[in-house]
Amino acid sequence: FFKQKTAYEIRNCDWSSDVCSSDLRPALPPLELAEKWRLIWHSSLAISHSMKWLPRIVGLLLLALIGWWAWQKLTVTDEQRIRRTVGAMQRAVEKMNFLSLDSYIAGDYHDDRGLDKSSLLAAVRVTRLQYSTFLVFLSDTTVAVDPDRQNATVVFIAKVLATPRDGGAESELFTERFRLTFRKLDNAWKLTSTEVPKLKFE
């Protein structure tokens, strides 16, 4: 018959303590322990060294941002900003980026056709979705900024070429002269009205 081992024989324990010698992990040799602490020490040094550069990097980024802002304020004129806004609106229509187009239109927009901002965006969307390609060419652009630097007028000739989604060749949709009115809101130029003046082409 096999002899059943007692609890003392199974585990070499000190019954006066809650810790058994069989439960303890063997201690690391001195060399391995020293190597482990050396790696931890070098890692902490590397982290502290990289942290020293963090304030410098943040300072350089802030300096670049301030420099860019100052350059925009001192060298970029309102006329240039308005021309960029008109170009961005043109690309938004061509690429069907209606969210971007919305950001350039003032909330109190109106035009000579009785459209407000929401109805204008809806009309542009419906028209644009009928065509697979939609190219807008602007010419004879003039920008006039009021002396108060808060309002401006842009006049240009727009020629639109488009290709129908249901097939067919690219064709000219229209060529018209437009007059756009902009107002400076929150340091950005927003479209407030549109007219199609009956002006003769020179």
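What follows is a chat about why certain residues and pairs in this predicted model carry the labels they do.

Me: Let's start with W189. What makes W189 count as buried?

Reply: Its relative accessible area is 4%, and the cut-off for buried is under 20%, so W189 falls on the buried side. As for its place, W189 lies in strand β5, residues 188-195.

Me: How do you know that W189 makes a polar contact with D78?

Reply: The two side chains are 3.5 Å apart in that contact, and the limit is a pair of N or O atoms within 3.5 Å, so the value qualifies. In sequence W189 and D78 are 111 residues apart, while their C-alpha atoms are 8.6 Å apart in space.

Me: And D78 itself, is that residue buried or exposed?

Reply: D78 is buried, because its relative accessible area of 9% is under 20%.

Me: Why is the pairing of K184 with D78 called a salt bridge?

Reply: The closest N and O atoms are 3.2 Å apart, and the definition asks for a Lys or Arg side-chain nitrogen within 4 Å of an Asp or Glu carboxyl oxygen, so K184 and D78 meet it. This pair links distant parts of the chain: K184 sits in strand β4 (residues 171-185) and D78 in helix α3 (residues 78-94), 106 residues apart. K184 has 19% relative accessibility, and since buried means under 20%, K184 gets that label too.

Me: Which residues are networked with D78 through salt bridges?

Reply: The network links D78, R81, R149 and K184. In total, the structure holds seven salt bridges.

Me: What makes R183 and D108 another such pair?

Reply: Their N to O distance is 2.9 Å, and the limit is 4 Å, so it's a salt bridge. R183 is in strand β4 and D108 in strand β1 (residues 105-111), so the bridge ties together parts 75 residues apart in sequence.

Me: Why are R183 and D108 called partly exposed?

Reply: R183 comes out at 25% and D108 at 45%. Partly exposed lies between under 20% and over 50%, so the label fits R183 and D108.

Me: How do you know that K117 and D102 form a salt bridge?

Reply: Their closest N and O atoms are 3.5 Å apart, and the cut-off is within 4 Å, so the pair counts. K117 is in helix α5 (residues 117-128) and D102 in helix α4 (residues 98-103), 15 residues apart. Their burial labels are worth a look: K117, at 17%, counts as buried, whereas D102, at 28%, is partly exposed.

Me: Back to α3. What makes its length close to the expected one?

Reply: The helix has 17 residues and reaches 24 Å from first C-alpha to last, and at 1.5 Å a residue the expected value is 24 Å. Its buried residues include D78, I82, T85 and M89. Among the elements covering those buried residues are α4, α5, β4 and β5. After the helix comes M96, whose phi is positive, near 60°.

Me: Last one: what makes T163 buried?

Reply: T163, in strand β3, has 14% relative accessibility; the threshold is under 20%, so T163 is buried. Its side chain also joins that of T133 in a polar contact of 2.7 Å, and the limit there is 3.5 Å.

Note on methods:
Residues numbered from 1 in each chain as written. Predicted model: local features only at pLDDT ≥ 70, side-chain atom pairs only at ≥ 80, totals over all residues. Heavy atoms only, no water. Helix = DSSP H or I, 4+ residues; strand = E, 2+ residues; numbered from the N terminus. Buried < 20%, exposed > 50% of the residue type's maximum accessible area, 1.4 Å probe, protein only. Polar contact = N/O pair within 3.5 Å; in protein donor to acceptor, adjacent residues only side chain to side chain. Expected span 1.5 Å × (residues − 1). Contact = heavy atoms within 4.5 Å.
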